[in-house]
Amino acid sequence: MKPVKPQQFALGLQDFLKTIDRINTKVSPSYSKLKEFLDGDRLADLSDSEFKNVAAEFMDANDQYQRAVDDLKGLSAPVHLLGLKTNLVSYFQDYVDATKNMTNSLNLDKKSVDLVKFSQSEKDQDDLMHKVNRNVNRILMSKGLQG
């Protein structure tokens, strides 16, 4: 097996991060809309079609996140970064699972939200994104990737 250059890995990681940013930017307005209605205890004021659109955006984001983590799993890393890459994949898979839990907190038939599941998902996503970011920073500061 041919060794992977750190710069090749860095480019793949950069593509992964751009993909995640693009997904986050696309789903953010739907999350913000739903959150506004939930925080104001006004979910009943959100139209059925808007609620279904939010759910559809969440499901689409879940699928895109899963594809991104699958791509990340296939990204070859230099030997000295394999542990950090493995951790990154694990943290991001857990993040993807947390986003799916948020989507699963939505009940389309009843136009309701399981607030306990929704809130736990928010907390889990925040915690896991901190772990992802910390891990990415460790990778970027590693030998062969600085400067």
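A cavity is a set of points, on a 1 Å grid over the protein atoms alone, where a 1.4 Å probe fits but cannot get out. In this predicted model, local features need pLDDT of at least 70 and side-chain atom pairs count only at pLDDT 80 or more, while totals for chains, interfaces and linings use all residues. Residues are numbered from 1 along each chain as its sequence is written, and side-chain values use heavy atoms, with hydrogens and water left out.

The structure holds 1 cavity of 30 Å³ or more, and the space in the largest cavity is about 40 Å³, a volume being the space filled by probe spheres set on the grid points, which are joined across faces, edges and corners. Its lining (residues with an atom within 4 Å of a point) consists of Arg22, Ile23, Lys26, Val27, Glu57, Asp60, Ala61 and Gln64. Helices H1 and H2 (DSSP runs of H or I, at least four residues, numbered from the N terminus) each supply at least two lining residues.

Helix H2 covers residues 48–74, and its end C-alpha atoms lie 39 Å apart, in agreement with the 39 Å expected for 27 residues at 1.5 Å a residue; the expected span is 1.5 Å times one less than the number of residues. Among the buried residues of H2 (under 20% relative accessible area, 1.4 Å probe, protein chains only) are Phe58, Ala61, Gln64 and Tyr65. Tyr65 touches Ile20, Ile23, Asn24, Val27, Phe92, Tyr95, Val96 and Thr99 (heavy atoms within 4.5 Å), not counting residues up to four places away in sequence.

Notes
Buried means under 20% relative accessible area, exposed over 50%, partly exposed in between (1.4 Å probe, protein chains only). On a 1 Å grid over the protein atoms alone, a cavity is a set of points where a 1.4 Å probe fits but cannot get out, and a pocket is an open set with protein on both sides within 12 Å along at least five of seven lines; lining residues have an atom within 4 Å of a point.
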